[in-house]
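Open the structure and keep the sequence beside it. The walk below goes from the whole chain down to single residues.

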Amino acid sequence: MEAKNIVKVGSRKSQLALIQTNSIINHLKKLNPHLTFEIISMQTTGDKVLDAALSKIGEKNLFTRELEVALEKKEVDFVVHSLKDLPTLLPEGLLIGCVYKRDSPFDAVVMHPSNAGKKLEDLPAGSVIGTSSLRRAAQLSRKFPDFQFENIRGNLNTRFRKLDEDNKYSAIILAEAGLHRMGWQDRISQVLDKDTCMYAVSQGAMAVECRANDPFTLGLLSQIHDPETVIQCVAERAFLKKLEGGCSVPVSAYTEVKDGKLSLTGGVFSIDGTQGRIESVCKDLPKSIEEKEKINISPNGPRQFAGIVGNEKVSIETLEVAQEVGEEIAELMLNSEAKDILANAKAETKAAIIAEKQRKEAEKKKNEAEKIQTNGHANLVTANGH
């Protein structure tokens, strides 16, 4: 195995992303005090495009691609992501080397200061709720049909500023885990339970992506691979992968590992929330989830389950069960009316992407025409002045 003293780590530039990256690094430093870690931060497409809903941008790897390019070019050794941002199909040669212990996967309500102490059910009809997620809007519109759900983009700092200063939103919905990591848990008015709003696939979990042919980094990351989180996220990602979903369609999950069993509940909804299908599957896990035998790794890297690898703490057999659970729920969905719900949601999203591109092109042409007109006027004034 290659020996090295400096490990280069890729991260997005946002405050939350850097907090998450540093939490991974700090844990690895405790276990490997001889290593030095350097953060190389960068902006992704999702960080730059803030004037459109995520579902209207039309890219699956909005928050990951630039980081993955740095990995492929060997500019960094690993990159830290919110696992919910990682597509279920990763670029060839890359994999998820570890999934860190999951924090709360649930969504939280943050109220406008004038609504402090209230819950969603206390708000009047017509209240505007900000969320960048089709999944949240679809599920919450089923429970609160009199609310208006509007897009709100930007990092957490930006969204808080929009909430507090714009007086447009009565409340916004955010991931509880992110609020805790930022130290803003005092702003949480309500945590949404699974009956109100099931969470996004892998929400609350941090993932570390690396090269499949890098045994040093894989060995390093295996030290902080959390078995229960891995089992949950393999099942959820296998479900999403078979559905071919993403942030462009409202797909949700709820997973439990309890009493030697893995249970997964999955939901598929129409974009307006009027249609939905929920299915559940439960399977026994192996009596011991740890790997009993030494894993044989091929030259192409370890075996992957929805992009995630196992290690001695969580066996191939266990991950096969988790993958089966996710795929079985997807099959149940695809053999029901959920297939049409998904197809319609994808078609609506595709039409929205085209409309958004046309809007931007029209806006660009208008700006260019105004610029030409302004320059022409300025030239005329200059000529007359002479």
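What follows is a tour of strands, helices and two loop residues.

Start with the whole chain. The model is predicted. The chain holds 11 helices and 15 strands. It has 386 residues, and 51% of them count as buried. Now look at contacts between residues at least 6 apart in sequence: 73% of these join residues at least 24 apart.

Go next to the N-terminal strands. Strand β1 covers residues 6-12. Is it enclosed or open? Five of its seven residues are buried, so β1 is largely enclosed by the rest of the structure. Two strands pair with β1. Strand β2, residues 36-42, runs parallel to β1, and the pair shares seven bridges. One pairing to find on screen is R12 of β1 with M42 of β2. Strand β3, residues 78-82, is also parallel to β1, here over two bridges. In that pair, G10 has V79 of β3 as its bridge partner. Helix α1, residues 15-31, belongs to this region too. Together, β1, α1 and β2 form a β-α-β unit, and the unit is right-handed.

Move on to an open sheet. It has five strands in the order β7-β6-β8-β5-β9, and the pairing is mixed. Which strands stand at the edges? They are β7, residues 148-150, and β9, residues 188-191. Each has a single partner strand, so one side of each is left without a neighbour in the sheet. From one strand to the next, the twist averages 30°.

Take the β9 edge in detail. The partner in view is strand β5, residues 107-111, which is antiparallel to β9 over three bridges. Here V110 is placed opposite I188 of β9.

Two helices lie across this sheet's strands. Helix α5, residues 134-143, lies across β5, β7 and β8, and runs at about 125° to β8. Strand β8 itself covers 171-175. Helix α6, residues 156-166, lies across β5 and β8. Its direction is at about 165° to β8.

Now turn to a helix pair. Two packed helices are described by the angle between their axes and the distance between the axes. For helix α9, residues 227-243, and helix α10, residues 316-334, the angle is about 35° and the axes are 7 Å apart. The crossing of α9 past α10 is right-handed. What does each helix bring to the contact? From α9 come V230, I231, V234, A235, A238, F239, K242 and L243. From α10 come residues including L319, A322, G326, I329, A330 and M333. By class, the contact has 13 nonpolar residues, with three polar and three charged.

Finish with two backbone oddities. Most residues other than glycine have a negative phi. S202 has a positive phi, near 70°. D259 has a positive phi as well, near 55°. Where do they sit? S202 is in the loop between β9 and β10, the latter being residues 206-211. D259 is in the loop between β11, residues 251-258, and β12, residues 261-269. Are they buried or exposed? S202 has a relative accessible area of 1%, so it is buried. D259, at 70% relative accessibility, counts as exposed. Both residues lie in loops, S202 after β9 and D259 after β11.

Conventions: Residues numbered from 1 in each chain as written. Predicted model: local features only at pLDDT ≥ 70, side-chain atom pairs only at ≥ 80, totals over all residues. Heavy atoms only, no water. Axes fitted to C-alpha atoms, helices over the stretch in contact; angles between N-to-C directions. Helix = DSSP H or I, 4+ residues; strand = E, 2+ residues; numbered from the N terminus. Left-handed = near helix turned anticlockwise from the far one by under 90°. Contact = heavy atoms within 4.5 Å. Nonpolar A, V, L, I, M, F, W, Y, C, P; charged D, E, K, R; others polar. Pairing = 2+ DSSP bridges. Buried < 20%, exposed > 50% of the residue type's maximum accessible area, 1.4 Å probe, protein only. Right-handed = clockwise from strand over helix to strand, strands pointing away.
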